[in-house]
Amino acid sequence: MALSPLIAELHAFLAADHPSDDAFNQQALALFAHQYQHNLPFQRFCQQRGKTLRTVKSWRNIPAVPISAFKALSLSCIPAADAERTFMTSGTTQKEVKGKHHHPTLAVYNDSMRRNFRHRFMQGSDRKIRMGILFPDETMLPNSSLAHYLALALREFGTPDSHYLLTEAGLDHTRLHVELARAQQTGEPYALLGASYSFVHLLDELQGLGKSFTLPPGSRVLDTGGFKGQSRELSIDEFYAQLAGTLGLGREHCINMYGMTELSTQFYDAGNATLPSVKSGPHWIRTLVVEPLSGVELPRGEQGILAHCDLANFNSVTTLLTEDVGIAVNGGFLLLGRAQGSAAKGCSLAVEEFLQAATA
Amino acid sequence: MNILRETAGYLPGLQAGDVAWQTLGFEAHGRKLEVAVPCLTDTQATALMDRVRAASRCYLKSLTVAEIVTTIDKAIARLLDPADPWRQKADTLLPLVTGYDAEMVRLGLTGYLKTFRRPQLQRFLVEDFGNPQLLDDFAPRAKGGFSKAFGADVAVHVWAGNVPGLCLWSLISGLLVKSGTVGKVASAEPLMAGWMAQLLVEVDEQLADCLAVVWWEGGNAAQEKVFFSHAELVLAYGGTTALAQVRQHVPVTTRFLPYGHKLSFGLVARTALDVRKALKTVQQAAYDVVRYDQQGCYSPHVFYVERGGRISPDEFARYLAHELSAFEKKYPRRNLALAEAAALAEWRQTEEISNLAGTRGTDVADIAGDGTWTVVYNSNLQPLAPGALNRTVRVVAVDQLADVIPLLAPHRAFLQTVGVAAAPRELFELAEQMGRAGVTRICALGQMTSPEAGWHHDGRFSLLDLVQMVDIESSAEAAAETLAPYVD
């Protein structure tokens, strides 16, 4: 199928009201056929797994591509140079190879983000909210999908006075205090959105000064991405307890977004009053919990690795195998963090220790 | 499912009711096991150390090494008897604790126990001491004077898990040098040492206070300090991080013997690859991979295979894949925890994806296996590096085995066993070069996981490292002569 009718069909699917399982399947298989034909590294990957257009009859059988493949392979149906935008994973070191996700157009990503964000963070309302963003803007980080996501949130759902609280010089403390005090005085709802570790820096700042606020009703928080060694580490429970306590809002208004550069759709929870919170996505993304070696789907309630089939990923691959551990539950899944290397049991050298020694 | 229960440890002088217990859960082969491990207070730990020290001084040091060998031999004979209750317990529970196939554990344990029978122990003693009498009496030295080897009054051994019974090695070494032993079992295999202690006491009840088997949560600094501060010697098995942390808690004046994680591999010469011999060679290589799912320090991660034989290196890799798949039916790999399975999957994915990416240049690479085993083949020389364990092995084609030697230098601290299939002259040439590079053990393929009795673990002396030599110099003897009552 040519690209523009395929994209038009996708927009229609995103807009559909509760499409059937069969409709999801048809859409997924159409995308699989497109990607199998045009994304040659993916085709080779499928062939290596013994999967072809003939043998894949359900979205569940589409081979899940490990996210590490985005580092080594150019997973795209168009030449990478023709992409409107390429998002890259954030490597922690200069040397680290970054995963690249090429978007021929951002229209689908943006449509996916807007529909989902409106439903999950804006609670279905079209009323805009004053936003403070705890993350660099798109000019500072042009290849960050999160920077784009937050810019889109601010542009589409923020009042004209919405603003960035993170500048090249770091957290804008003055503006932060002014905004929080303003919200408290005026009663106008205020939303803070950004990386989880930036919220830890914010907490450190406010707690250091012994300050706390009471944000007015309707205010909320969106954090994403965990701490990644960029701030002190604290438990999720402590994090939300301190966030709620310092900003003076209920933990049910602290929403966590789970997304990744390699996807075009995000997952949200419905606040973090009780933990672990259930994450879920819109009708165009589905999640399987699989056994990592065989890729076989695990029964509900068993821990496994998350695999996502995201129909908004029309140009790369629909189905990704993550490195995240989760459990399928009613209404979504629980996210239990990264699969950590277990402590070596024997006395044979393990890769991790070897690498540590090699870099020491 | 009914749950089996077992108590770990051996605590002379302490009543079970006075000790706090923690439960470790195990599940494998469709059965559950709960093991109670002791959590001692500082006072209890100190009392235990004092008790073992006192008993080791008064009883253990009064025995001759021949008497100790007899006691160990009797205990080992019991464990080698399939009808013995201790052996039956081991055959039933060790597969549940470690997850390994029961038959693999049974065969492995028997082979291992055989290295502790009287003739093997005698060889072991002669290997280190020349004259084992040094352990009983001041014995005359060729240079003049006399020497005697004294074991520590009390030594603490910190054991690692997953190769069942690994702890017996150091427990028996300690006994042979008449050293009181307090051993800390690993959470991954908390049982064997306690059983062995109880069995030894059944054989010789006066040993009751000479041994103790304890447990604490790995990294419990307070407990480590208490135990180590009362010991003359601390032996520890584990990874670099764990050993570094243990070392922090050993007083400067206490001797510390660390046994770190190791990297082992195999070398296959073209002479071992004619049509008749190749099959045997491959079977032996596969056996070394399968034994204990590569968790041993001696387990191979890579086989370097020489070109020019009747069987090419890539054929060797295919044969190896076939053997591993056959072994999987006979001795299935243990079930992996999610994190282990995920780590293995990531390793496989990296191999698979780098093949697709075509970043290997002229290298022809192949990956085979269904996740219960994996063989990766490379036609170009690859650096020596660990695989993902649990039956993952790399076969690398080389023009000459000597090409491997330059790859060893960066890993000196980690090198241990090399399984070699080569003709005699080549074996000794390679041995010289590998010894220079830091390899400490060279053996036949198929024997990598079964070191000989009396081997030099990590190139060291298993018994000699545990003792302190006391010399009576010839001057003292000569001076004494002048003071004898019968001097003229």
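Let me start with Pro276(A), which sits in the loop of chain A between strand S11 (267-268) and strand S12 (278-279). The peptide bond leading into Pro276(A) from Leu275(A) is cis, and its omega is near -10°. As background, most peptide bonds are trans. I should say at this point that we are looking at a predicted model.

Now chain A as a whole. How many helices and strands does the secondary structure of chain A come to? There are ten helices and 16 strands. The C-alpha atoms of the chain fill a box of roughly 65 × 55 × 40 Å, taken along the principal axes. Chain A has a radius of gyration of 21 Å, and this agrees with a compact globule, because a globule of 360 residues would have a value near 21 Å.

On burial, 41% of the 360 residues of chain A count as buried. On contacts, take those in chain A between residues at least 6 apart in sequence: 65% of them join residues at least 24 apart.

One residue in chain A to look at is Arg44(A). You will find Arg44(A) in helix H3, which covers residues 40-48. Is Arg44(A) buried or exposed? The answer is in between: Arg44(A) has 15 other C-beta atoms within 10 Å, so it counts as partly exposed, given that buried takes 20 or more and exposed takes 12 or fewer. I also have a distance for this residue. From Arg44(A) to Glu291(A) is 247 residues along the sequence, and in space the two are 23 Å apart, C-alpha to C-alpha.

Next, chain B, and two residues in one loop. Asp293(B) lies in the loop between helix H10 (275-290) and strand S12 (300-306) of chain B. Gln294(B) is also placed in the loop between H10 and S12 of that chain.

What is the sign of phi at Asp293(B), a residue that is not a glycine? Phi there is positive, at about 45°. Gln294(B), again a residue other than glycine, has a positive phi near 65°. For context, most residues other than glycine have a negative phi.

As for their surroundings, Asp293(B) has 28 other C-beta atoms within 10 Å and is therefore buried. Gln294(B) has 25 such neighbours within 10 Å, so Gln294(B) is buried too.

To recap the local points: a cis peptide bond from Leu275(A) to Pro276(A), a positive phi at Asp293(B), and a positive phi at Gln294(B). That is what I have for today.

How values were computed: Residues numbered from 1 in each chain as written. Chains lettered and ligands numbered in written order. Predicted model: local features only at pLDDT ≥ 70, side-chain atom pairs only at ≥ 80, totals over all residues. Helix = DSSP H or I, 4+ residues; strand = E, 2+ residues; numbered from the N terminus. Rg over C-alpha atoms; globule rule 2.2 N^0.38 Å. Contact = placed C-beta atoms within 7 Å.
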